[in-house]
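Subject: Structure handover and notes

Hello,

Here is the structure I promised to pass on. My notes on the strands and the cysteines follow below it.

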Amino acid sequence: MPVEPIPCADGGDTTPIEVTTCCAPSIASSPLCRADGTTILAVVRSGCVECGEAPQDPAVVGWLDVAGVFTAGPLPADVGPCEAGCVDTVCRQLCDDADGDGEADTTYSELWCIRADGTAELVLTYRDDPSVPYVPLAPVECTYGCPESETIPLCDTRPDGTVVPFLRRYTFLQGTVAFEDVALDGSTPHLVTGTVGACGGTGEGAPCAEQTTPAATLGLCLPDGTPLAVIITRDCATGAVNQDGWLNLATGAYTSGPPPVGAAACGDSRAFELAGLLCDVAPATGDVLGLVLVEYAYNPDGSLRSVRLVNPATGTTYALQGELRHCPAGVGAEQPEQDVTVLCDTAADGMVTAFVRDYRRDPATGQIAGHTDYTLSGTPYAPAGTVGVCGPAAEECRNTSTVLLCDLPAGGTPETAATDTDPTPYYPYPTGAAVVGAQALWDGGTLDLTPGTAPQPGTTGRVNSLAAVLQAPRPACDTGTAHVTVSLTVQQDGPDNGCGQTGHLRLFNGTTQTALTVLPASTPAGYFATLTVEADVPAADLASGAVAFALALDAYDDNPAGCAPSPRRTGWQLSGFTVTAVYDQTGCATQILRNVVTDCETGAVLSVTDTTLGGTPYTVTGEVGQCATAGGTECCPEQPPEPCRNTFTMLLCDESSDVTWTQVSVDQDPGSPTGQGWLFRLSPTDDPSTVATIRVRTSQSDASLPCSANGPRWYGNWTTFIYELDAVAQTIPTLRINALDFDRAESMAMLTGMPDRFGGNAYTTGNGVIRSNTDNGTGYLFFDGPPATFSYRFSGACTAISFDAVSSRTTQFLRTLVTDCETGAVLSVADATLDGRPYETTGDVGQCAPASSPEEPCPVQHVIQECRCDDTDGDGIADTDYLELLAVDCEGRLTSIGTYTDGLTAPYTPVAPIDCEATDQGADPVTAVQARRQQLDPGGTWSAAAWPTLQSVTAVAHGGTGTITTADGTSTLHQGESATWSVARDADAFLTGLLAISAATGTVTITFTTGVTL
């Protein structure tokens, strides 16, 4: 903007001073580019005006080139904004179905721009003439040699300056573009860790990726106020910064070399400068004749022009009478604005009145020249007695109390940093594809993972893998343990359902897994959930960044035998990431003594002082609170009487069901040859301190070909597996062995022991032989109450194993209830472990089972009678009724007392007791199940009330949503979601209750069965 300069005052000197009235030009902050790519900077100057004139608009006075040479006049005609441009272009030939018959009948082309940062942009879509745009009607895959991909070289410049070249392979599909990064060998995945751009030249003298651009630093002025700009350039190859010269922004003249001596920050003008205060002293007497300021004036080049003596009081030129010297001590020193003190006026009767005396001083000599007296409220006062210094005031009444407190430690819940890292150590499988840009998710944003379009090289699948390391600053005091919780939200965006194991979230200490959460098998499209893992870790590992977590999610799975149709493509949206770390600071509190001083009359707190128990000063670092009870007696002020309370404590049991055990580590067995023995360890997800160990020994090494290519713990044909369970593992109610990559051509022959059940693709053919009904699946071998050891021999290609388990847990705890003595109302309920620590229930609470010690027999509480039937003639039909008396004890157990005739008239001995329903009423009706299916178009409805013998229902939404109404209310049936209801047992006759289904924006299919009588 134009600037109107304000001329400086002449300071009273009679000699006119020529001051050039000028303005501060500015240099454009954004560079411009010529047609040949050369960068220039425009120089803009504001017009100079006289005082009172209207400011002028700024004008371009010239421009600077990359060498720092200034050219006056207008900008070159070919100047325009700089653009990054395309480092490469890709032309793709695609196909279109113009007549709607589903077949490709028209070809067209897409022109894509590949920029230096690796992004791709669609520039043009056309058929034969690029000047005529083409809009495809229904893009389809071409059935002849259309190009589908393009690969360009790029460079990854890391934070330390290292430049790593790599290949970016673009894949184009129906107007969308995706890419993957690989090393120069074309197969090894490359993880970008720096800035992506076009690769520059190599060797000495190679050109830089961008032109060297001059820059100007502003803010300096010559002593006369003329603004200047210092021109610097930075070598883009070496990074060195050179100062080339300076530009006079008033004239546009360029001068090489450093700025002239005397240049300073604008606003810190050196045109005039005042020295410190001096004195005019008479040489003979030493008397001070006056105070003097020395004013120095400078030329535009910084040289001294003139010196003037100034009267500091008037600003006029001072005429020296004696000699100019430094002032004597005290002369010229700044005097206080007021010199006030409190004095006392003592009357003849002894009455003392305090008042304020304000002394006035001579500004030249500093001597007291008079005073004025005021009351303490500020009104004028005339002393009537003897004036003197007031005596000491009477000591005020104070109360002092000392209390024992504790300084509770701080820093136990610090901010935890999550930093994106290479996920390969946590998902070391060939199907893994590292996700780039996950830091945005860890920073609280949203990350979309697109469905995969092809498997990883040499595999049939692609798994998105991402990981981050955690670091939280450690407090000054802790117990050495920290609890870490990681949580994030996942949504399966389809377009397909998952196939088999779809994904998981894991927590690691180093490379040892400490917690695991697994997504449902074959996760359906539309699935939405929050995944959480948490575990205790060493505090030192969390502080050093050794704790990490990893997420793996299927993107592409081509498994026709396991999941049809195939392949399955799954996209994901990730959000809501949170991480918390809590350091255990039990026992870290510091005891202190707090001394509180209060006013005796008002009770106001006057001071608070903290000390250690030894009396030295103490500074609080955390939160001060009451110390936990440590025994002994305390002296407490008398408290009002407590209301009457009754306290009851009872022993109860918390029965938690379906406690999942997960595999937490696998280590080489030190007692076995390398690769032929492993120690698998499992822990309950709610109790990492409980560890079960299973030793697995094999007859072959995992280094044997060809299975060694799959990784550690993969074994081939005729391998014998021997399992040895420790005492903890033998207590697991249900242990599951997962036989990985189990194919139909493979089998397991049990040598010792036998699974109780089978799952997955495993089944038994009898005689201890276990086979698979699919290829590339997982077979489940269930052992209910597993034995100490068992073994089998594997026959087939390659196999590996893992473990899972399920158990239940009963925990005894103490429940304390506090009730009101008068009303009996329960005031509080507190649960604690048997050793007094707080306890939170997780399952069903009830009375504990009785101990196994002998008990007193329970007496009979009452007697019931039951009608029975007898078959006296042996024809299989009940023909005689009689009664049986049953005694019921206090535990509900039944004991037969005897059998009697109907009416209890005499004892009866049955001949052949039989079910009373065994009468000659003909054969029972034969029932069956009828399969049915209906399709609801948008707006259509279906109700279970129309099918009184309904046994099962499954509703699936296609291409939109539907609604479901039950006794719980109305909910949405999402696209791709299926919902199923069925009878729970064979004995259940039919489904009952409200169930209505309608189609909203899409089609809903209803598949159901009803009971029929044949």
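How many bridges join β38 to strand β39, and do they run parallel or antiparallel? Two bridges join this pair, and the strands run antiparallel. Please keep in mind that the model is predicted.

Strand β38 and its partners

Strand β38 covers residues 547–557, and 11 of its 11 residues are buried, so the strand is largely enclosed by the rest of the structure. Buried here means under 20% relative accessible area.

Besides β39 (residues 568–583), β38 pairs with strand β33 (residues 461–471), in the antiparallel sense and over 10 bridges. Strand β35 (residues 503–509) is also antiparallel to β38, with seven bridges between them. Some individual positions may help when you look at the model. Valine 547 in β38 is the bridge partner of leucine 470, and asparagine 509 stands opposite valine 547 as well. Tyrosine 556 has arginine 569 in β39 as its bridge partner.

Two open sheets

One open sheet has four strands in the order β27-β26-β25-β28, with antiparallel pairing. At its edges are β27 (368–374) and β28 (386–388), each of which pairs on one side only. Neighbouring strands in this sheet are turned by 35 degrees against each other on average, with direction ignored. Strand β25 (residues 339–346) pairs with β28 over three bridges, in the antiparallel sense. Across that pairing, cysteine 344 stands opposite glycine 388 in β28.

Another open sheet of four strands follows the order β61-β68-β63-β66, and its pairing is antiparallel. The edge positions are taken by β61 (927–936) and β66 (978–982); each has a single partner strand, so one side of each is left without a neighbour in the sheet. The twist from one strand to the next averages 10 degrees. Strand β61 is joined to β68 (residues 1003–1013) by 10 bridges, and the two run antiparallel. Within this pairing, arginine 933 stands opposite threonine 1007 in β68.

Disulfides

A disulfide is a covalent bond between the sulfur atoms of two cysteines. The structure holds 10 disulfides. I describe some of them here.

Cysteine 397 and cysteine 600 form a disulfide with their sulfur atoms 2.0 Å apart. The link of cysteine 397 and cysteine 600 is left-handed, with -80 degrees about the S-S bond. The pair links distant parts of the chain, 203 residues apart: cysteine 397 is in the loop between β28 and β29 (398–408), and cysteine 600 is in the loop between β40 (590–599) and β41 (605–611). Cysteine 397 is partly exposed at a relative accessible area of 46%, and cysteine 600 is partly exposed at 26%.

Cysteine 477 and cysteine 588 also form a disulfide, their sulfur atoms 2.0 Å apart. The torsion about the S-S bond of cysteine 477 and cysteine 588 is about -80 degrees, so this disulfide is left-handed. Cysteine 477 sits in the loop between β33 and β34 (481–495), and cysteine 588 in the loop between β39 and β40, so the pair ties together parts that are 111 residues apart in sequence. Cysteine 477 counts as partly exposed, at 28% relative accessibility, whereas cysteine 588 is buried, with a relative accessible area of 9%.

Cysteine 707 and cysteine 798 form a disulfide too, and their sulfur atoms are 2.0 Å apart. With -90 degrees about the S-S bond, the link of cysteine 707 and cysteine 798 is left-handed. Distant parts of the chain are linked by this pair: cysteine 707 is in the loop between β45 (692–698) and β46 (719–725), cysteine 798 is in the loop between β53 (789–795) and β54 (800–820), and the two are 91 residues apart. Cysteine 707 counts as buried at 1% relative accessibility, and cysteine 798 counts as buried at 11%.

Cysteine 867 is in no disulfide; the nearest cysteine sulfur is that of cysteine 916, 7.2 Å away. Is cysteine 867 buried or exposed? At 61% relative accessibility, cysteine 867 counts as exposed, because the cut-off for exposed is over 50%.

Best regards

Conventions:
Residues are numbered from 1 along each chain as its sequence is written. This is a predicted model: local features need pLDDT of at least 70, side-chain atom pairs count only at pLDDT 80 or more; totals for chains, interfaces and linings use all residues. Side-chain values use heavy atoms; hydrogens and water are left out. Buried means under 20% relative accessible area, exposed over 50%, partly exposed in between (1.4 Å probe, protein chains only). Two strands pair if DSSP finds at least two bridges between them. Axes are lines fitted to C-alpha atoms, for helices over the stretch in contact, and angles run from 0 to 180 degrees between N-to-C directions. A disulfide is a pair of cysteine sulfur atoms within 2.5 Å.
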